[in-house]
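Please find below my notes on the model, set out as numbered points. They deal with how the chains meet and then with some details of the backbone.

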Protein chains: 2
Amino acid sequence: MSADRLRMAGPSSLRTEYAPPNRRHRRIVLAHGGGGQLTDELVDEIVRPRLGNALLDELDDSAVFDVEPGRMAFTTDSYVVQPLEFPGGDIGRLAVCGTVNDMAVCGAEPLHLSVGLILEEGLELDVLRRVIDSMATAVAEAGVTVVTGDTKVVARGQADGMYVNTAGLGRVRPDARLALARVRQGDRVIVSRPIGDHGLAVMLQREEAFGIESRLASDVAPLNGLVGALLDACGEDVVFLRDATRGGLAGVLSDLSERTRLHLAVDETRIPLRRETSYAAEMLGLDPLDVANEGTLVAVVRPAVLDAALDALRAHPLGEHAADVGAFGSDEDGLCEIVTEVGGRRVIQKPYGEELPRIC
Amino acid sequence: MSADRLRMAGPSSLRTEYAPPNRRHRRIVLAHGGGGQLTDELVDEIVRPRLGNALLDELDDSAVFDVEPGRMAFTTDSYVVQPLEFPGGDIGRLAVCGTVNDMAVCGAEPLHLSVGLILEEGLELDVLRRVIDSMATAVAEAGVTVVTGDTKVVARGQADGMYVNTAGLGRVRPDARLALARVRQGDRVIVSRPIGDHGLAVMLQREEAFGIESRLASDVAPLNGLVGALLDACGEDVVFLRDATRGGLAGVLSDLSERTRLHLAVDETRIPLRRETSYAAEMLGLDPLDVANEGTLVAVVRPAVLDAALDALRAHPLGEHAADVGAFGSDEDGLCEIVTEVGGRRVIQKPYGEELPRIC
């Protein structure tokens with residue numbers, strides 16, 4: 001029974017009697033992205049029951065809400081990770097956490113998210129349901145709301161199942177004074193947890209077909225709670241924050257030294273790294289320093305609050321393995337130098353770009 | 001000469017001597033999306049010279065700015081139009097105008113945009129330059145700034161060259177009182193310009209290979225100026241606004257009657273429609289009412305201000321052909337009925353979804 005025929009039969013109140021798309025369609029069809037009845041049904045049957053709230057349910061062209069005066073943070077990321085589902089997360093959890101974290105490291109309490117879905121014709125609706133379920137879980141963990149969204153469908157063979165864009169709006173804490181320009185000699189660098197797990201879990205999932213098994217799981221998590229705990233404890237003695245996503249810890253550290261034009265000395269033995277992550281990296285010929293993380297915070301703090309900062313982080317479930325890994329020195333060479341396990345020294349460089357495509 | 005070798009040779013000040021990507025690369029490679037040096041170069045060489053401003057140039061994880069108290073509008077759309085360039089616009093102009101318009105029809109002055117690019121490996125950098133140039137033009141027309149962005153690259157054969165997501169943040173005018181719940185019997189419906197041009201220009205561009213030529217051009221334009229003029233003239237006697245994008249004018253009109261549960265009577269002969277658009281639609285077997293527009297405003301106004309509203313719209317370059325097309329009647333049947341040229345009557349339905357894939 002087609003929706004069109006039912007629609008012809010009477011007024012709009014009959015719409016609730018339509019067979020929902022999960023009974024009529026098992027997979028995404030191009031018409032789901034046409035902006036017509038089928039798009040409405042997809043939103044009504046799959047998106048709103050999972051992510052719905054008073055603002056999203058308005059389904060207007062924009063979400064409209066009141067804001068108080070102050071500083072706000074606005075950010076966006078698109079997610080194209082392959083495979084869509086991997087140990088520890090999926091593209092939905094990633095899309096929520098990645099954008100929440102971009103706000104958190106600017107000292108912002110995330111408020112609202114937008115979600116733009118680009119779906120491939122033929123995508124199983126069950127996969128979409130799981131991804132949206134996972135978004136809903138991450139949204140609840142982060143304490144944000146999805147207030148506006150959009151769905152497009154592209155032809156079979158494109159978009160690898162789905163791409164997701166999220167944009168986020170947050171309120172910057174008045175006590176946050178995070179700025180690269182405030183970083184100075186003596187400041188300490190803290191890493192909140194073992195590195196490399198996200199990128200390697202995703203890479204190993206891709207290799208699964210080749211019989212490689214592992215217990216590695218992505219670290220993907222919303223960091224706003226952890227950042228909040230750190231700012232509560234140390235206020236403006238926290239001078240800079242970054243999450244070590246694409247480009248990995250190496251990307252953040254080399255950026256820090258390059259943009260501050262200070263020397264940054266890091267002790268390799270103090271960088272938290274799980275043994276299985278280290279093995280996996282070796283097996284794949286990767287440096288864990290270069291590998292993307294999705295729930296790993298890098299914090300620059302004044303030396304006077306180092307212990308308080310570590311205590312605050314370690315008291316939080318996402319920061320129990322937080323470690324002090326290095327400090328800014330007096331040289332103004334703009335280099336990040338790592339002292340290796342065997343006492344050697346090498347300059348950390350920002351990865352060129354090829355290492356890990358489609359990792360987030 | 002590789003960027004890596006130069007980088008080894010000295011401190012970061014040397015970076016400005018790198019050959020920019022336009023000299024080293026003519027096309028997008030996967031590494032442009034890796035979040036490493038090559039991503040930085042793409043942003044520095046192509047994006048920032050065209051869209052740069054004080055906020056974007058910070059290149060932080062989020063753009064941070066002050067806001068005044070009040071109501072804000074937040075929206076997002078992804079754009080997957082094919083072909084990327086078409087008469088009257090391209091995916092870049094579309095991505096700016098579409099999101100600006102979603103804010104404008106909520107009575108918001110658009111302030112800031114985010115831009116998320118998903119680029120296909122192999123995309124010519126010249127195409128990307130033209131698209132970003134076109135975004136820059138539209139951004140200037142709309143008076144907004146792009147304050148944050150993201151670039152991902154996917155493998156050859158995916159993403160049809162590029163997909164673009166924009167999200168937008170705007171400030172709702174305090175004098176705007178736009179709400180479907182305010183629509184009542186007697187209210188008039190105005191259409192700001194001839195319908196169907198965007199969808200048909202794009203469709204004809206696709207058919208160009210088959211020898212069909214036309215002078216049709218997309219209507220894609222930022223509507224915030226036109227909406228501003230209307231609100232200045234008629235204030236809260238403007239009760240509802242919508243731009244007639246996917247689903248076309250039929251989608252907006254059927255939504256209006258369905259969601260207000262009022263009867264909406266529309267006179268077909270008064271709907272602005274160019275002769276060449278009508279011919280093109282006939283040739284392609286499409287109803288211009290169903291075809292997407294990207295610069296066409298539908299306004300519901302109190303009958304007392306109908307003339308003032310038409311005057312205000314017609315005084316603006318984007319509204320010179322504005323026309324009063326119908327009115328809400330006393331029946332509470334939730335139907336939109338159109339009186340055809342020959343005096344017949346038919347109920348307008350929201351398109352099901354298949355008509356025009358990949359039109360925006």
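1. Contact here means heavy atoms within 4.5 Å. By that rule 100% of the interface residues of chain A are also interface residues in chain B, so the copies meet through the same surface. The contact takes 84 residues from chain A and 84 residues from chain B.

2. A word on the basis of these notes: this is a predicted model, in which local features need pLDDT of at least 70 and side-chain atom pairs count only at pLDDT 80 or more, while totals for chains, interfaces and linings use all residues. Residues are numbered from 1 along each chain as its sequence is written, chains are lettered from A and ligands numbered from 1 in the order in which they are written, and side-chain values use heavy atoms, with hydrogens and water left out.

3. As to symmetry, chain A is superposed on chain B by a rotation of 180 degrees with 0.0 Å of shift along its axis, at an RMSD of 0.0 Å (a least-squares fit on the C-alpha atoms of residues with pLDDT of at least 70 in both copies). The two copies are thus related as by a two-fold rotation axis.

4. The area buried between chain A and chain B is about 7,000 Å², and carbon and sulfur atoms give 50% of it; buried area is the accessible area (1.4 Å probe) that two parts lose on being put together, summed over both. Across this interface the rule finds 36 residue pairs in polar contact, both residues being at pLDDT 80 or more. A polar contact is a pair of N or O atoms within 3.5 Å, where within protein one must be able to donate a hydrogen and the other to accept it, and residues adjacent in sequence count only if both atoms are side-chain atoms. By class, the side of chain A that touches chain B has 34 nonpolar, 25 polar and 25 charged residues (nonpolar being Ala, Val, Leu, Ile, Met, Phe, Trp, Tyr, Cys and Pro, charged being Asp, Glu, Lys and Arg, and polar the others, Gly among them).

5. The structure as a whole has 60 salt bridges over all chains, and 12 salt bridges are found across the interface of chain A and chain B; the rule asks for a side-chain nitrogen of Lys or Arg within 4 Å of a carboxyl oxygen of Asp or Glu. One of them links Arg246(A) to Asp150(B), at 3.1 Å from N to O.

6. Which residues of chain A does Arg246(B) touch? They are Gly33(A), Gly34(A), Gly35(A), Asp150(A), Thr151(A) and Lys152(A), residues up to four places away in sequence not being counted. The side chain of Arg246(B) reaches the backbone oxygen of Gly33(A) at 2.6 Å, and a polar contact of 3.0 Å joins the side chains of Arg246(B) and Asp150(A).

7. Strands also cross between the chains: five bridges join strand β1 (residues 63–67) of chain A to strand β2 (residues 70–79) of chain B, and the two run antiparallel. Strands are DSSP runs (E, at least two residues), as helices are (H or I, at least four), numbered from the N terminus, and two strands pair if DSSP finds at least two bridges between them. Within this pairing, Val67(A) stands opposite Gly70(B).

8. Two backbone details deserve a look. Most residues other than glycine have a negative phi, and most peptide bonds are trans. The peptide bond from Gln82(A) to Pro83(A) is cis, with omega near -5 degrees, and Ala159(A) has a positive phi of about 70 degrees although it is not a glycine.
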